[in-house]
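Colleague: Please take a close look at the aromatic contacts around the start and the late loop of the chain, and then place the surrounding local features. Say how each term is defined as you go.

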Protein chains: 4
Amino acid sequence: MSPVLTGVYAPIGTPFVKEEVAYDKLAANMEKYAASKLSGYLAIGTNGECVSLSETERAKVLETIVAGKAPQQKVLAGANAESTKLTIEQCTMVASLGADYASVITPCYFKKKLNDDAMIKYYLDVADGSPIPIACYNAPGFTGMTISTTTLKAIASHENIIGIKDTSPGMIGSYLRTTADLDFDVFSGTANTLFPAMMMGATGGIVSLANAFPDVCAKLYEFCIADDLERARELHMVLGKLNSGVSGSYGVAGVKYATEVAGFHGGDPRLPLLPITDSDKDSIKRAIEAIDLSPYL
Amino acid sequence: MSPVLTGVYAPIGTPFVKEEVAYDKLAANMEKYAASKLSGYLAIGTNGECVSLSETERAKVLETIVAGKAPQQKVLAGANAESTKLTIEQCTMVASLGADYASVITPCYFKKKLNDDAMIKYYLDVADGSPIPIACYNAPGFTGMTISTTTLKAIASHENIIGIKDTSPGMIGSYLRTTADLDFDVFSGTANTLFPAMMMGATGGIVSLANAFPDVCAKLYEFCIADDLERARELHMVLGKLNSGVSGSYGVAGVKYATEVAGFHGGDPRLPLLPITDSDKDSIKRAIEAIDLSPYL
Amino acid sequence: MSPVLTGVYAPIGTPFVKEEVAYDKLAANMEKYAASKLSGYLAIGTNGECVSLSETERAKVLETIVAGKAPQQKVLAGANAESTKLTIEQCTMVASLGADYASVITPCYFKKKLNDDAMIKYYLDVADGSPIPIACYNAPGFTGMTISTTTLKAIASHENIIGIKDTSPGMIGSYLRTTADLDFDVFSGTANTLFPAMMMGATGGIVSLANAFPDVCAKLYEFCIADDLERARELHMVLGKLNSGVSGSYGVAGVKYATEVAGFHGGDPRLPLLPITDSDKDSIKRAIEAIDLSPYL
Amino acid sequence: MSPVLTGVYAPIGTPFVKEEVAYDKLAANMEKYAASKLSGYLAIGTNGECVSLSETERAKVLETIVAGKAPQQKVLAGANAESTKLTIEQCTMVASLGADYASVITPCYFKKKLNDDAMIKYYLDVADGSPIPIACYNAPGFTGMTISTTTLKAIASHENIIGIKDTSPGMIGSYLRTTADLDFDVFSGTANTLFPAMMMGATGGIVSLANAFPDVCAKLYEFCIADDLERARELHMVLGKLNSGVSGSYGVAGVKYATEVAGFHGGDPRLPLLPITDSDKDSIKRAIEAIDLSPYL
């Protein structure tokens, strides 16, 4: 079968004004994204600060994204919760609001007891209970948990699990090897690993830099699927430098400011994440200006 | 001023029947706890599996605990959320339901960006916004975050922050030194550290073993405040061995089963935490039976 | 300038018989390696169990490797020590015995105090004091230390530092970006990352699997420099599976047994590393037999 | 049987002048220590920067300490190596130079393969091979390894293993519980835990602060064995604050400078440890001057 998760997705940020969600600004951003080459969106994920939103806010953010996307673009929506029951409820909620797939991060609070047996049962139970297909989300930098290849091997054939998104520094190669013979998509979680991951068989990625530079990120995907090694390598280096200057050093707040520099609505993250300082803004602006993206537009 | 958080608190577990909260069983447990020597309760905390409960369930569990406690017993209620805004909402909610204090764990999802500046602002903002006094909760085994002494020093004098509960293996000594001259209570988070922590100045503790053996745990507190070194040491050793055989190896599920062995309603944790196996049950039962608690009743 | 570290190097293992180094068996292995397509050797490195050898044994192992290699093959020799002074002495020792380059791992005992300033001075001092060029070695799985890109940027232009070898799960992309414009070689430290690292600009790698299958590993390098994406990808997958079944699960002892299966002298590691069990041997043997390497010979 | 490791030991630092060991300064320090209330010394341990010394230097440092000590004082000497064979050789060496006991840290380079089985065999083999009794040394801050209670239980009855020294933040309580019924000594590794550890049954400690303030540290031990809770608590707080201002923030270099302030020979550590800055020196000096130790002399 053909892959399901393909191309470049942007993990849409949530604009705030004085700590309140600015749905109108989000809708304005979506209008531009809908005209881009993005294949889809990660809605209410890490960069959307989903963990900082109330249930009601999450729902309205997702609705705004679904309403604003182009018809051919897909929506993968975060369905984060610590218990199997609550996660299935989240999957059901995002499905009812129009998400195509649910992104299911590892629970992590009880990490010391969440061994392979627990994680396998968790993902199989959620996949059974979710009305839409799910993708696993491995994000040890946020959760302190890693989906093992043992777990992945045990769940990857479930018909309602379409793939895995990985933002760890080094698991993606193992995930690709583990699922090489299966109908299962491995998605890179950062600009830094998109190129090498695609060389090894990944089907695309969710790239925070795409919030600011959607078409350039989509271009890297195109070079990769065309096996245009030379230009892919070159753009990989360019995006890697850009990413170091933006997301690598400043996280969500940096991505939001870069998005602003690129002409979208960005703004500060919700507290406790601190607003980015003026000197950090300068640094991000300089990192962006130092790079000529015009050859890739 | 006198300390506010004193004595032994039990971190009340949530009984489930087929994945649903059994409020009646919780109420039955509370009837017995109300007759015990416990000074108070941690409601909807780690052992209450608060992260696995919905908003509605959390509220009803807290209501049940408040309704069932004895008049002199205090309720410290978990107010866990990842954003300042949501945490203040949680504090307001638990206050409205009768909690005396809110237990505020560190946010942790964005841990890489939650430096001292962010954590100081977080706790000061929450303390400003909470209608009831708050206690900080340091639990690196669950969050991957540690409240630094720099943060503690900067927030400990806020009049709405009464203390800190620590379940880390080794921070409590530093917390006690940092706040020695302040009107600030340091509370031990496990049976294992209650005795040495009290020797160094802690005012009591929240002890999961107290869910099963409330009076024996309260007795250790009594020995400590009486400076009865010999008997405190002895009971410390006894409880330490018991704790290793229960919570140390099996976590929340182990505590629940020990609670059951002791005559309360326990039951399985909510998924993804797996039910405890029969052989683990045997092991816990043997650990309990091997110890003669009668001298401490 | 052209790269210095190129091709595939094997990190030669040290055969022991009853805990004593079997130099004759090592020499016999070298005879075969000298006839292979290997570009060079890592002598007295991790797989050589250098940390388990005495000073005298290290010297004799290195001599044996230098004596046995083919003229065109290079020797990179481990120069591990915790102080700058001792590391320079090690570099001088390996130089005097014929090593071409010294591999200098991060010191790690005092890791809490070894910040960027300390590490920069360390590498510059060692580079100044070493009679032969040095390569940095980043191996957090063994040392608990990571060479930061800040450190790398500050030292990469030193004329006596030729490159870096990386066995971490995810730093190699950052190392390549940091040194892209410099005359500096980045070397992959495992079979798993050789292909993606070379796609991004690495000049080769040190691959424990090459102890058992030198020519097949060298073939992957050839495919990569020829930009033969299809065959490189395929062989990458093959070697990845093989590596998971050998080094990934069983470490040094697994590599040694695979080496034995492939017709070299392997044997048990020195204690405290335990000998590999019979069932682990079976598992490794099956992993090797399951893969047809003949198309790559 | 009576405990063997008792009282307060100082982990003697190694004075350097221009990167060379200053044996005369070490001898001069020993003259003063010999007149103090110290029960013994840790020679060539962490604070002695043993990992930065050559074999020859280690031997001469140990000889100097043995020659300078008072007759009733004991010498526990570091016997650090990564292989069982080399560790036994180190034990034999320190025994031949007059050490009473060998301090055997965990090997750590191959930490991923050093499971309980490997560690149990390691300590039993070393204990069998050592001509003098050994004490285990748990130091995860330096090694990234922790001696488990499973390992400890399996080795603690060996007649040539007298005890364990612990510098971890939180294992000492578990070690005391595990060995409570055995003829086995548990020694605290820092000033911060000496008091609570002794309350729980430890027999003394190795305290870096004792390099600067030997008699004051010995006094805390005296208060503890006298069960003089009030004065022990008070001095515990005093030493804790002092320790935070010295060793806690600045490590080995801080201890050396404090030693100098107290009238001994200190000096810079050997590289790669950086010399302490002038502002750090000021900070340490102020921390020392802020505390009145005269009531404890």
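Modeller: The answer starts with the aromatic pairs and then moves to the helices, the backbone and single residues.

The model is predicted, so local features need pLDDT of at least 70 and side-chain atom pairs count only at pLDDT 80 or more, while totals for chains, interfaces and linings use all residues. Residues are numbered from 1 along each chain as its sequence is written, chains are lettered from A and ligands numbered from 1 in the order in which they are written, and side-chain values use heavy atoms, with hydrogens and water left out.

Over all chains, a search of the whole structure finds 28 aromatic pairs. A pair here means rings of Phe, Tyr or Trp (its six-membered ring) with centres within 6.5 Å; planes under 30 degrees apart are called stacked, over 60 edge-to-face, and the rest tilted. One of these pairs is formed by B:Tyr33 and B:Phe264, which are stacked at 4.7 Å centre to centre with 15° between the planes. It links distant parts of the chain, 231 residues apart: B:Tyr33 belongs to helix H1 (residues 23-34) of chain B, and B:Phe264 to the loop between helix H10 (229-261) and helix H11 (278-289) of chain B. Helices and strands are DSSP runs numbered from the N terminus, with at least four residues of H or I for a helix and at least two of E for a strand. B:Tyr33 and B:Phe264 are buried, where buried means under 20% relative accessible area, exposed over 50%, and partly exposed in between, using a 1.4 Å probe and protein chains only.

In chain C, C:Tyr33 and C:Phe264 are also stacked, at 4.7 Å between centres and 15° between planes. Here C:Tyr33 lies in helix H1 (residues 23-34) of chain C and C:Phe264 in the loop between H10 and helix H11 (278-289) of chain C, 231 residues apart. Both C:Tyr33 and C:Phe264 are buried.

In chain A, ring pairs join A:Tyr33, A:Tyr41 and A:Phe264 in a cluster. A:Lys32 lies over the face of A:Phe264, 5.2 Å from the ring centre. That description requires NZ of Lys or CZ of Arg within 6 Å of the ring centre and within 35 degrees of the ring normal. A:Lys165 also has its charged end over a ring, that of A:Tyr137, at 4.1 Å from the centre.

The loop between helix H10 (229-261) and helix H11 (278-289) of chain A also holds A:Pro272. The peptide bond from A:Leu271 to A:Pro272 is cis, with omega near 15°. In chain D, D:Pro272 is in the loop between helix H10 (229-261) and helix H11 (278-289), and the bond from D:Leu271 to D:Pro272 is cis with omega near 15°. Most residues other than glycine have a negative phi, and most peptide bonds are trans.

On the phi side, D:Asp227 has a positive value near 50°. D:Asp227 sits in the loop between helix H9 (214-225) and H10 of chain D, and is partly exposed because its relative accessibility is 38%. B:Glu19 has a positive phi near 75°, in the loop between strand E2 (16-17) and strand E3 (20-21) of chain B. With a relative accessible area of 24%, B:Glu19 is partly exposed.

Helix H10 has a helix partner in chain C. The axes of helix H8 (residues 191-199) and helix H10 (residues 229-261) of chain C come within 7 Å and cross at roughly 155°. H8(C) is therefore roughly antiparallel to H10(C). Axes are lines fitted to C-alpha atoms, for helices over the stretch in contact, with angles from 0 to 180 degrees between N-to-C directions; under 35 degrees is roughly parallel, over 145 roughly antiparallel, 65 to 115 roughly perpendicular, and the rest oblique. Among the residues that meet are C:Phe195 and C:Met199 from H8(C), and C:Leu229 and C:His236 from H10(C); contact means heavy atoms within 4.5 Å.

Last, A:Asn80 lies in the loop between strand E5 (74-78) and helix H3 (84-96) of chain A. At 15% relative accessibility A:Asn80 is buried. Leaving aside neighbours within four places in sequence, its contacts include A:Cys50, A:Arg58 and B:Tyr109. Chain A and chain D do not touch, their nearest C-alpha atoms being 16 Å apart.
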